[in-house]
Amino acid sequence: MKRPYAFASMVLLCLTSAACSGAPSKDTLERVRTAGVLRVALTQANPPWNFLDSGNRPVGYDVDVAHEVARRIGAGGVRFIGTDFANFVGGIRADRFDIVIAGQTITAKRRGEVDFSRPYAVNGVAIFVRKGNTGIGGLKDLPGKRVAVSEGTVQAEFARTRIRNAKVKTYRNATLVLTDLSWGRADAALVSRLQGTYLAAKKGLAITPVGPIWHNYPLSMSFRKGSPAFKRAVDSAINDMVGDGTLSAISRRWLNGLDMAAELRGMSPNAAIRQSGGRLERSAV
């Protein structure tokens, strides 16, 4: 007569345990060293940060950084997995990849679900418009306009919550954002200035930035919670890359001569933590 209750208790225990639920029980560092490969998520469509070359191979700043991190933490090889910003956190929690190296900003919401490395890059957000559009010169001109953003980014949340009456258009990646902008399907886009100028030159897009960079924010790598050894190893790898010139060389190659190590040295150590609930720190417009 007591067996059904005992069975129910066993089922409950199984559902709440890492072993039965399929959640990883080892620290990620141990797992990647055992497997001999680091599974890295990126969009593969955000040049010059990460994209596919003519041979369909991942290249860019994030890709070179990923190879260096993998080597320095003893992971062996790298396997790149293409996805988008909206699926990064869910993919980590579902164990589809070990780490995201794709220009994520730390937010309060994300920090509640995954862990983050120290910053490995700094990115400046700019407003882009179609060439010839003289009606938009800054944030004050965006209320009521069609604003294009990548879904799952802090720019998307900013557009939805801080730009009054904006008609927010979302896309899987910034390449699609800027291509649609060049075709006149949006009035403005909020994207990385480096990315926008790169795509405008490489793809001949009729777009241009307006105004100064209106927000600089640090970018970090994300991975599952409960892996302190992995976090220490990744942070140590980034610190060493900043110190030994590796990050400077990678950024000069991909980011139009920019020295990313110098940018990071000039940033407050706690800058990455001060993202406010995913919002860019600007007043509503």
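Me: In this predicted model, what makes the approach of Asp27 to Leu29 at the start of α3 a polar contact?
Reply: A side-chain oxygen of Asp27 comes to within 2.9 Å of the backbone nitrogen of Leu29. The cut-off for a pair of N or O atoms is 3.5 Å, with one atom able to donate a hydrogen and the other to accept it, so the pair qualifies as a polar contact.

Me: Why are the buried residues of α3 said to line one face of the helix?
Reply: The buried residues of α3, which spans residues 28-35, are Thr28, Leu29 and Val32. Viewed down the axis of α3, these buried residues fall within an arc of 100 degrees, and therefore they line one face. In general, an α-helix has 3.6 residues a turn, so residues three or four places apart point the same way.

Me: What covers the buried residues of α3, and which residue follows the helix?
Reply: The cover includes β1 (37-42) and α10 (228-244). After α3 comes Gly36, which has a positive phi, near 75 degrees.

Me: Why is α10 called roughly perpendicular to α11?
Reply: The axes of α10 and α11 (residues 246-254) cross at roughly 75 degrees and come within 4 Å. Angles of 65 to 115 degrees count as roughly perpendicular, so α10 is placed in that class with respect to α11.

Me: Which residues make this contact, and how do they divide by character?
Reply: From α10 the contact draws on Met241, Val242 and Asp244, and from α11 on Thr246, Leu247 and Ile250. These residues comprise four nonpolar, one polar and one charged.

Me: How do you know whether Asn123 is buried or exposed?
Reply: Asn123, found in strand β8 (residues 121-130), has a relative accessible area of 6%. Buried means under 20%, so Asn123 is buried.

Me: What makes the pairing of the Asn123 and Ser192 side chains a polar contact?
Reply: The two side chains are joined at 2.9 Å. The limit for such a pair of N or O atoms is 3.5 Å, so the value meets the distance criterion.

Me: Which residues is Asn123 in contact with, leaving aside its neighbours within four places in sequence?
Reply: Asn123 is in contact with Trp49, Ser192, His215, Asn216, Tyr217 and Leu219.

Me: How many helices and strands are there in the protein, and what percentage of its residues are buried?
Reply: The protein has 12 helices and 12 strands. Of its 285 residues, 51% are buried. Among contacts with a separation of 6 or more, 71% are between residues 24 or more positions apart.

Notes:
Residues are numbered from 1 along each chain as its sequence is written. This is a predicted model: local features need pLDDT of at least 70, side-chain atom pairs count only at pLDDT 80 or more; totals for chains, interfaces and linings use all residues. Side-chain values use heavy atoms; hydrogens and water are left out. Buried means under 20% relative accessible area, exposed over 50%, partly exposed in between (1.4 Å probe, protein chains only). Helices (H or I, at least four residues) and strands (E, at least two) are DSSP runs, numbered from the N terminus. The arc is that of the directions from the helix axis to the C-beta atoms. Contact means heavy atoms within 4.5 Å. Axes are lines fitted to C-alpha atoms, for helices over the stretch in contact, and angles run from 0 to 180 degrees between N-to-C directions. Angles under 35 degrees count as roughly parallel, over 145 as roughly antiparallel, 65 to 115 as roughly perpendicular and the rest as oblique. Ala, Val, Leu, Ile, Met, Phe, Trp, Tyr, Cys and Pro count as nonpolar, Asp, Glu, Lys and Arg as charged, and the others, Gly among them, as polar.
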